[in-house]
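User: Please walk me through how the helices in this model pack. I want each label justified.

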Amino acid sequence: MTERRTAVITGSTRGLGREMALRLARGGWRVVIHGTDGARAEAVRAECGGDAETFLGDIALPETNAALARFAVEKTGRLDAWISNAGLVKMEPFLEFSAGTWQRLVDIHLSGAFYGGQAAAREMAKRGWGRIVHVSTIAAAFGQFGFAAYAAVKAGVEALARVMAVELAAHGITVNTVAPGPVWNEMLEGLYGAERLRERERTIPLQRMARAEEVAAAVEWLLSEEAGYITGQVIRVDGGASAAGPFTIEVYRRSGAQ
């Protein structure tokens with residue numbers, strides 16, 4: 001990278017987003033950290049060091065995304081990459097799934113990805129170069145108890161990314177999706193508990209969950225010049241879980257003998 005580029009990472013005050021911000025900052029990017037908690041945002045900014053910026057706001061709102069894109073340009077003079085990572089996981093049984101939970105996940109994940117991608121692309125089109133990466137999940141392709149909204153909105157994000165890739169190619173903008181398998185973090189442990197997560201690892205061909213830095217590495221590569229011919233794709237970072245598909249039960253059975 002001959003000149004410093006600017007990346008916005010939504011939902012980057014913790015978890016995967018934080019790891020992406022740190023990795024890009026180490027790689028020479030100017031990063032804009034986004035979240036809703038000022039103290040967390042400031043802590044990540046301090047970890048990134050240098051001239052990292054912070055921006056707070058609800059990513060489900062179109063005006064937040066437009067303001068965030070403008071903020072990046074005003075503060076750094078450019079906007080080269082937008083990583084749509086902000087999200088929320090909430091599980092409810094389908095027959096009891098609340099309208100409020102459904103709408104909130106649609107607003108944050110799907111509408112947030114649309115508004116953010118649009119705001120970013122409008123700035124990138126002015127320069128004729130850009131990278132947009134949406135963060136999805138392998139759950140978008142499989143049925144999982146409690147994921148009526150989460151799986152549906154992430155599948156929508158993947159479809160949105162394909163359309164964006166086709167329409168934005170003429171502007172020099174690539175659009176891809178990174179779909180992690182389970183990443184052991186506080187959010188996931190809160191949902192399932194440590195014992196169930198250890199059992200889940202036995203269903204994965206590589207016999208472990210992803211590390212946040214491995215997902216961040218995939219995102220970083222998609223932002224690079226080397227990935228300039230990759231667009232409209234879903235990159236799964238899942239240790240082979242989606243490759244095994246319904247046969248994860250056989251992976252689990254055999255893991256007990258190892």
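**Helix contacts and labels**

Analyst: P62, N65, A66, A69 and V73 in α3 meet G112, Y115, G116, A119, A120 and E123 in α4. By class, that contact of α3 with α4 holds seven nonpolar, three polar and one charged residues. This is a predicted model, where local features need pLDDT of at least 70, side-chain atom pairs need pLDDT 80 or more, and totals for chains, interfaces and linings use all residues. Residues count from 1 along each chain as its sequence is written, and side-chain values use heavy atoms, without hydrogens or water.

User: What makes residues of α3 and α4 "meet"?

Analyst: Contact means heavy atoms within 4.5 Å. Helices are DSSP runs (H or I, at least four residues), numbered from the N terminus. For the classes, Ala, Val, Leu, Ile, Met, Phe, Trp, Tyr, Cys and Pro are nonpolar, Asp, Glu, Lys and Arg are charged, and the others, Gly among them, are polar.

User: At what angle do α4 and α5 pack, and how far apart are their axes?

Analyst: Helix α4 (residues 99-127) and helix α5 (residues 148-168) pack at about 15°, axes 9 Å apart. Axes are lines fitted to C-alpha atoms over the stretch in contact, and angles run from 0 to 180 degrees between N-to-C directions. α4 is therefore roughly parallel to α5. The cut-offs: under 35 degrees is roughly parallel, over 145 roughly antiparallel, 65 to 115 roughly perpendicular, and the rest oblique.

User: Why are α1 and α8 called oblique?

Analyst: The axes of helix α1 (residues 15-26) and helix α8 (residues 212-222) cross at roughly 55° and come within 9 Å. That angle falls in none of the named ranges, so α1 and α8 are oblique to each other. The crossing of α1 and α8 is right-handed.

User: What makes a crossing right-handed?

Analyst: The near helix is turned clockwise from the far one by less than a right angle; anticlockwise would be left-handed. The crossing of α3 and α4 is right-handed too.

User: How do you know that the span of α4 agrees with its 29 residues?

Analyst: The expected span is 1.5 Å times one less than the number of residues. For α4 that gives 42 Å, and the end C-alpha atoms lie 41 Å apart, so the values agree.

User: Where is the kink in α4 centred?

Analyst: On S111, with a bend of about 35°. The bend is the angle between axes fitted to the seven residues ending there and the seven starting there. Just after α4, G128 has a positive phi of about 75°.

Terms used. Helix = DSSP H or I, 4+ residues; strand = E, 2+ residues; numbered from the N terminus.
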